[in-house]
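Reader: I've got this one open on my screen and I'd like to talk it through. Can you walk me around it, one question at a time?

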Amino acid sequence: VVLPRGLKLLGLDDSKKMNDSQKEQMYEEIMASAIAVGVGIISNEIIDEINIYEATKVAMVEAVKQLSVSPEYALIDAMKLPLAIPQQSIIKGDANSVSIAAASVIAKVTRDRLMKEYDEKYPQYGFKRNMGYGTQEHLDALTEYGITPWHRLSFAPVKELEK
């Protein structure tokens, strides 16, 4: 997310500290006021192949490539990326940087919306309620119905089913 200098986004916080309604409202505000927004989505197959950490880096680089403007500088949450622009890794970035917090909200809302779409195809997994996290409902559905095309084979409960 590339934001205009000095932009104030009242109510923006670490997305993990915001409820769904707050995240949705902030998503709309960010999309309306950002100079540019890019989103990188990586398939479960790629995540299984290279691991979740490396896939996160690939998704972040993809998001930067999608920006309609080239950023002058990148602030990144707790990692370095193979980018040709200057960058700074910030520990707890979503709590200490407006642009990282904004990117976190965009990423979380985008993922939640994808999970709601998956729920329409596979309602028995409760994706619209558990967002794909390892809740008891999700684990029970894995045992009863098996895996979907969107499950990561490296997701521990799925790995357990394969044994």
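Author: Sure, and one term comes up straight away: helices and strands here are DSSP runs, at least four residues for a helix and at least two for a strand, numbered from the N terminus. Keep in mind that this is a predicted model.

Reader: Then let's use that. Where does Asn 51 sit?

Author: Helix H2 covers 44-50 and helix H3 covers 52-66. Asn 51 falls in neither run, which leaves it in the loop between H2 and H3.

Reader: What's the sign of phi at Asn 51, and roughly what is its value?

Author: Asn 51 isn't a glycine, and yet its phi is positive. The value is about 90°.

Reader: Is Asn 51 buried, exposed or partly exposed?

Author: The cut-offs are under 20% for buried and over 50% for exposed. Asn 51 has 39% relative accessibility, so it counts as partly exposed.

Reader: Let me zoom out. In what order do the helices and strands come along the chain?

Author: The chain has 8 helices and 2 strands. Reading from the N terminus, the order is α-α-α-β-β-α-α-α-α-α.

Reader: And how does the radius of gyration compare with the globule rule?

Author: For 163 residues the rule gives 15 Å, and the chain comes out close to that, so it is as compact as a globular protein of that length. Its C-alpha atoms fill a box of roughly 50 × 35 × 25 Å along the principal axes. The radius of gyration itself is 17 Å.

Reader: What share of the residues counts as buried?

Author: On the outside, the chain exposes about 9800 Å², with carbon and sulfur atoms supplying 54% of that. As for the buried share of the 163 residues, the figure is 37%.

Reader: Which helix gives the most residues to the largest nonpolar core?

Author: That core has 13 residues, and those touching the most other members are Leu 9, Leu 12, Met 26, Ile 30 and Val 105. Helix H1 (20-33) and H5 each supply at least two residues. The largest share, 5 residues, comes from H5.

Reader: Which residues does Ile 30 touch, leaving out those up to four places away in sequence?

Author: Ile 30 is one of the core residues that touch the most other members, and two of its partners, Leu 9 and Leu 12, are also on that list. The full set is Val 1, Leu 9, Leu 12, Ala 102, Val 105 and Ile 106.

Reader: H5 keeps coming up. Is Asp 112 buried or exposed?

Author: Asp 112 is in helix H5. Beyond its neighbours within four places in sequence, Asp 112 is in contact with Asp 20, Lys 23 and Met 131. Buried means under 20%. At 6% relative accessibility, Asp 112 counts as buried.

Reader: What about Lys 121: buried or exposed?

Author: Lys 121 also belongs to H5, which spans residues 98-121. Its C-alpha lies 9.8 Å from that of Thr 148, 27 residues away in sequence. With 59% relative accessibility, Lys 121 counts as exposed.

Reader: Moving on from there, which residues does Tyr 122 touch beyond four places in sequence?

Author: Tyr 122 is in the loop between H5 and helix H6 (127-130). At 23% relative accessibility, it counts as partly exposed. Its contacts are Phe 127, Thr 148, Pro 149 and Trp 150.

Reader: How far apart in space are Tyr 122 and Tyr 145?

Author: In sequence they are 23 residues apart. From C-alpha to C-alpha, the distance is 9.9 Å.

Reader: Now the strands. What is phi at Ala 78?

Author: Ala 78 is found in the loop between strand S1 (74-77) and strand S2 (87-90). At 38% relative accessibility, Ala 78 counts as partly exposed. It is not a glycine, but its phi is positive, at about 60°.

Reader: Last one: how far is Ala 84 from Asn 51?

Author: Ala 84 is in the loop between S1 and S2, and it counts as exposed at 87% relative accessibility. Along the chain, Ala 84 and Asn 51 are 33 residues apart. Their C-alpha atoms are separated by 23 Å.

Conventions. Residues are numbered from 1 along each chain as its sequence is written. This is a predicted model: local features need pLDDT of at least 70, side-chain atom pairs count only at pLDDT 80 or more; totals for chains, interfaces and linings use all residues. Side-chain values use heavy atoms; hydrogens and water are left out. The radius of gyration is taken over C-alpha atoms; the globule rule is 2.2 Å times the number of residues to the power 0.38. Buried means under 20% relative accessible area, exposed over 50%, partly exposed in between (1.4 Å probe, protein chains only). Accessible areas come from the Shrake-Rupley method with a 1.4 Å probe; for residues, only the protein chains shown count as cover. A nonpolar core is a set of buried Ala, Val, Leu, Ile, Met, Phe, Trp, Tyr and Cys residues joined through side-chain atoms within 4.5 Å. Contact means heavy atoms within 4.5 Å.
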